[in-house]
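Student: I've got a model open and I'd like to talk it through with you. Can we start with whatever empty space is hidden inside?

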Amino acid sequence: MLEQRIQQHFIDSADLIYQAAQGLSQCIAAAIQALLACVTGGGKVLACGNGPSAAEAWQFATFCVTGFERVRPELAALALTCDGNDMARQYARQVRALGQAGDVLLVLSVTGNDANLLAAAEAAHERDMSVLLLTGRTGGKLAALLRETDVLISVPHDRAMRVREVHSLVLHCLSDGVDAQLLGEQEIAPCPPPP
């Protein structure tokens, strides 16, 4: 019974990823172009999310700074932090303090209804920043805030686990896409087997 449950997770995840591949590829490509315009224009990427999405934001910022699968110059990126004091406005304050016109705010939210992330997106618009929103199903209130220059990547699912699985793959696609555009197409050598 437990093994069947585990296998069903793999099947459900694979089905959603297959479904999302065609539906999201155009949005992901648009997000890559927005990131490229930002970093090649001297801007920076600010990334934020709540809970597990905060960890994904941190990971993406790390990929920007340290590289993804290839060695390249560092790209300016920072994961915003939320320490529990004034959580409703903390991300927005950081965006106002650090964000400038031409920068990008990457927001990760399963529901798109987090008050602190809504405030951060509003602050980004005040600073003439573009917003890249990774969310689930409809995108919630955050999707309604987006402007023509923003990008919505909305995973067609309601379950948080499935949405986060696709978010992780989307972040890898963004990282790889930026590297491919900056460094050219290249096959990545597989990791050598352990000694």
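Tutor: Sure, and keep in mind that this is a predicted model. Searching the whole structure turns up one cavity of 30 Å³ or more. The space inside the largest cavity comes to about 60 Å³.

Student: Which helices each supply at least two residues of the lining of that largest cavity?

Tutor: Start from the lining residues, which include Leu 35, Val 39, Phe 60, Phe 63, Leu 174 and Val 178. Now place them on the helices, and three helices pass the mark of at least two residues each. They are H1 (2-40), H2 (52-66) and H6 (160-183).

Student: And which helix gives the most to the lining of the largest cavity?

Tutor: Look for the lining residues with the high numbers: Leu 174, Ser 175, Val 178 and Asp 179 are among them. The helix covering 160-183 is one of the suppliers. With four residues, the top contributor is H6.

Student: How many residues in the lining are nonpolar, polar and charged?

Tutor: Go through the list by class. Ser 175 is in there, and so are Arg 72 and Asp 179. Cys 64 also lines the cavity, and Cys counts as nonpolar here. The tally is nine nonpolar, one polar and two charged.

Student: What are Arg 72 and Asp 179 doing with each other, and how far apart are their closest N and O atoms?

Tutor: Both of them line the largest cavity, and together they form a salt bridge. The cut-off for that is a nitrogen-oxygen distance within 4 Å. For this pair the closest N and O atoms are separated by 2.5 Å.

Student: How many residues apart in sequence are the parts that this pair ties together?

Tutor: Arg 72 sits in the loop between H2 and strand E2 (77-79), while Asp 179 is in helix H6, so the salt bridge ties together parts that are far from being sequence neighbours: 107 residues apart.

Student: Are Arg 72 and Asp 179 buried or exposed?

Tutor: The limit for buried is under 20% relative accessible area. Arg 72 has 11%, and Asp 179 has 2%. Both values fall under the limit, so Arg 72 and Asp 179 are buried.

Student: How many salt bridges does the structure hold?

Tutor: Arg 72 with Asp 179 is one of them. Lys 44 with Asp 103 is another, with 2.8 Å between the closest N and O atoms. The count for the structure is five.

Student: Where do Lys 44 and Asp 103 lie, and how many residues apart in sequence are the parts they tie together?

Tutor: Asp 103 is buried, at 2% relative accessibility. Lys 44 lies in the loop between H1 and strand E1 (45-49), and Asp 103 in the loop between helix H3 (87-98) and strand E3 (104-109). So this salt bridge ties together parts whose separation in sequence is 59 residues.

Student: What about Arg 162 and Glu 165: what separates them along helix H6?

Tutor: These two form a salt bridge as well, with their closest N and O atoms 2.8 Å apart. Arg 162 is buried at 2%, whereas Glu 165 is partly exposed at 28%. Because they are three residues apart in H6, what separates them is about one helical turn.

Student: Moving to the outside, which residues form a nonpolar patch on the surface?

Tutor: Leu 2 is a good way in, since it belongs to helix H1 and counts as exposed at 61% relative accessibility. The patch has about 360 Å² of accessible area in total. Its members are Leu 2, Ile 6 and Phe 10.

Student: Which residues have a positive phi although they are not glycines?

Tutor: One is in the loop between helix H4 (115-126) and strand E4 (130-136), exposed at 55%, with a phi of about 60 degrees. Another is in the loop between E4 and helix H5 (140-145), partly exposed at 41%, with a phi of about 35 degrees. In that order, they are Asp 128 and Arg 137.

Conventions. Residues numbered from 1 in each chain as written. Predicted model: local features only at pLDDT ≥ 70, side-chain atom pairs only at ≥ 80, totals over all residues. Heavy atoms only, no water. 1 Å grid on protein atoms, 1.4 Å probe; cavity = no way out; pocket = protein on both sides within 12 Å on 5 of 7 lines; lining within 4 Å. Points joined across faces, edges and corners; volume = space filled by probe spheres on them. Patch = residues over 30% accessible without salt bridge, like charges linked within 9 Å, V, L, I, M, F, W, Y side chains within 5 Å. Areas by Shrake-Rupley, 256 points an atom, 1.4 Å probe, with all protein chains shown as cover. Salt bridge = Lys/Arg side-chain N within 4 Å of Asp/Glu carboxyl O. Buried < 20%, exposed > 50% of the residue type's maximum accessible area, 1.4 Å probe, protein only.
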